[in-house]
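Here are some exercises to work through with the sequence and the model side by side. Try each task yourself before you read its solution.

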Amino acid sequence: MNIILLGPPGAGKGTQARKLVDGRDMVQLSTGDMLRAARTSGTAMGKKVAAVMDAGNLVTDDIVIGLIREQLEDTSHAGGFIFDGFPRTLAQADALAELVAEMGQKIHHVVEMAVDDDALVARITARSTCGECGEVYNDNTKPWPADGKCANCGSTNQTRRADDNEDSLKTRLMAYYKQTSPLVGYYYAKGQLSAVNGLGAMDEVAGEIASVLD
Ligand code: AMP
């Protein structure tokens with residue numbers, strides 16, 4: 001089964017994608033993670049996108065579509081793909097439809113994770129992740145363990161994203177409303193959209209997503 005998690009920054013797409021990977025043998029394809037990896041490894045593309053990402057703007061469609069195409073070609077699809085943070089524009093959505101059709105596949109569900117804006121700001125400014133395993137923490141609801149070690153893998157590498165600050169978040173939210181939110185109507189019209197309440201506790205949201213998928 002191939003699914004898209006759609007929602008603004010901080011809606012919990014990455015957290016829910018990780019749960020689906022663990023529970024259902026699915027493969028998470030996060031363009032944000034791929035772009036951050038390109039920056040860390042210092043590729044020419046990574047250098048090119050760094051300032052755009054830090055400001056909170058979207059990188060060009062060509063770049064992210066290229067990344068997704070590579071991954072789809074290189075990865076065996078196991079229990080299916082979870083598209084996390086992709087597509088973010090109508091052009092990306094059309095490109096994805098073509099890519100999956102070329103593979104003889106389809107998108108089974110688009111899950112919209114609805115969250116109000118105040119909650120997003122609170123979540124994002126409190127967010128940290130483990131630099132080794134990607135486990136997501138929140139200073140208020142799931143703080144980094146007091147012994148300084150990630151509860152999942154034991155690493156001491158707690159990281160905060162460069163774009164998780166209020167200025168860049170405003171730009172990211174604007175990008176979401178201007179460029180990405182039209183996809184809600186696009187997938188509704190295609191009969192693929194289901195909405196879940198992204199404001200609940202992590203397991204409640206996971207339960208709602210499970211009822212959509214099953
Ligand atoms: P994310 O981790 O999904 O929040 O993405 C972090 C940043 O990477 C975004 O603010 C964009 O600058 C860039 N990015 C990630 N995915 C996309 C995409 N599908 N289209 C354009 N830019 C993206």
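**Exercise 1: a residue before the first strand**

Asn2 counts as buried, since its relative accessibility is 2% (buried means under 20% relative accessible area, exposed over 50%, partly exposed in between, with a 1.4 Å probe and protein chains only). Before going on, note that this is a predicted model, where local features need pLDDT of at least 70, side-chain atom pairs count only at pLDDT 80 or more, and totals for chains, interfaces and linings use all residues. Residues are numbered from 1 along each chain as its sequence is written, and side-chain values use heavy atoms, with hydrogens and water left out.

Task: find where Asn2 sits and which residues it touches.

Solution. Start with the place: Asn2 is in the segment before S1 (helices, H or I of at least four residues, and strands, E of at least two, are DSSP runs numbered from the N terminus). Next, list the contacts, meaning heavy atoms within 4.5 Å. Skipping residues up to four places away in sequence, Asn2 touches Gly80, Phe81, Gln105, Lys106, Ile107, His108 and His109. Last, look at the polar atoms of the Asn2 side chain: one lies 2.9 Å from the backbone nitrogen of Phe81, and one lies 2.9 Å from the backbone oxygen of Lys106. Each of these fits the rule for a polar contact: a pair of N or O atoms within 3.5 Å, where within protein one must be able to donate a hydrogen and the other to accept it, and residues adjacent in sequence count only if both atoms are side-chain atoms.

**Exercise 2: the largest nonpolar core**

Task: work out which residues of the largest nonpolar core touch the most other members, and which elements supply the core.

Solution. First, the term: a nonpolar core is a set of buried Ala, Val, Leu, Ile, Met, Phe, Trp, Tyr and Cys residues joined through side-chain atoms within 4.5 Å. The largest one has 30 residues, and Leu29, Leu35, Ile68, Phe83, Leu96 and Tyr187 touch the most other members. Then go through the elements: S1 (3–6), S2 (27–30), H2 (31–40), H3 (44–55), H4 (61–74), S3 (81–84), H5 (90–102) and H8 (182–189) each supply at least two residues. H4 gives the most to this core, with 6 residues. Apart from this core lies another, of 20 residues, including Ile3, Leu5, Ala11 and Leu120. As background, nonpolar side chains in soluble globular proteins tend to be buried together.

Now zoom in on Tyr187. Leaving aside neighbours within four places in sequence, Tyr187 is in contact with Ile4, Leu6, Pro87, Ala93, Val110, Gln192 and Leu193. One of those partners, Pro87, is in the loop between S3 and H5. A cis peptide bond joins Phe86 and Pro87, with omega at about 0 degrees.

**Exercise 3: around the ligand**

Task: describe which residues surround the ligand and how much of the ligand the protein buries.

Solution. Begin with the shell: 16 residues surround the ligand, and the closest are Thr31, Arg36, Asn57, Gly85 and Gln92 (a residue is near a molecule if one of its heavy atoms lies within 4 Å of it). H2 gives the most to this shell, with 4 residues. Sorted by type, the shell holds 6 nonpolar, 5 polar and 5 charged residues.

Then check the polar atoms. An oxygen atom of the ligand is 2.5 Å from a polar backbone atom of Asn57, and a ligand nitrogen is 3.1 Å from a polar backbone atom of Val59. A ligand oxygen is also 3.0 Å from an N or O atom in the side chain of Arg88. Finally, the area: taken alone the ligand exposes 480 Å², and the protein buries 96% of that.

**Exercise 4: buried or exposed?**

Task: decide whether Asp25, Ala175 and Glu132 are buried or exposed.

Solution. Take Asp25, in the loop between H1 (13–24) and S2. Asp25 is exposed, because its relative accessible area is 53%. Its phi is positive, about 60 degrees, although Asp25 is not a glycine.

Ala175, in H7 (residues 166–180), has 7% relative accessibility, so Ala175 is buried. Beyond four places in sequence, Ala175 is in contact with Gly56, Leu58 and Thr180.

Glu132 lies in the loop between S5 (127–130) and S6 (136–138). At 55% relative accessible area, Glu132 is exposed.

How values were computed: Accessible areas come from the Shrake-Rupley method with a 1.4 Å probe; for residues, only the protein chains shown count as cover. Ala, Val, Leu, Ile, Met, Phe, Trp, Tyr, Cys and Pro count as nonpolar, Asp, Glu, Lys and Arg as charged, and the others, Gly among them, as polar.
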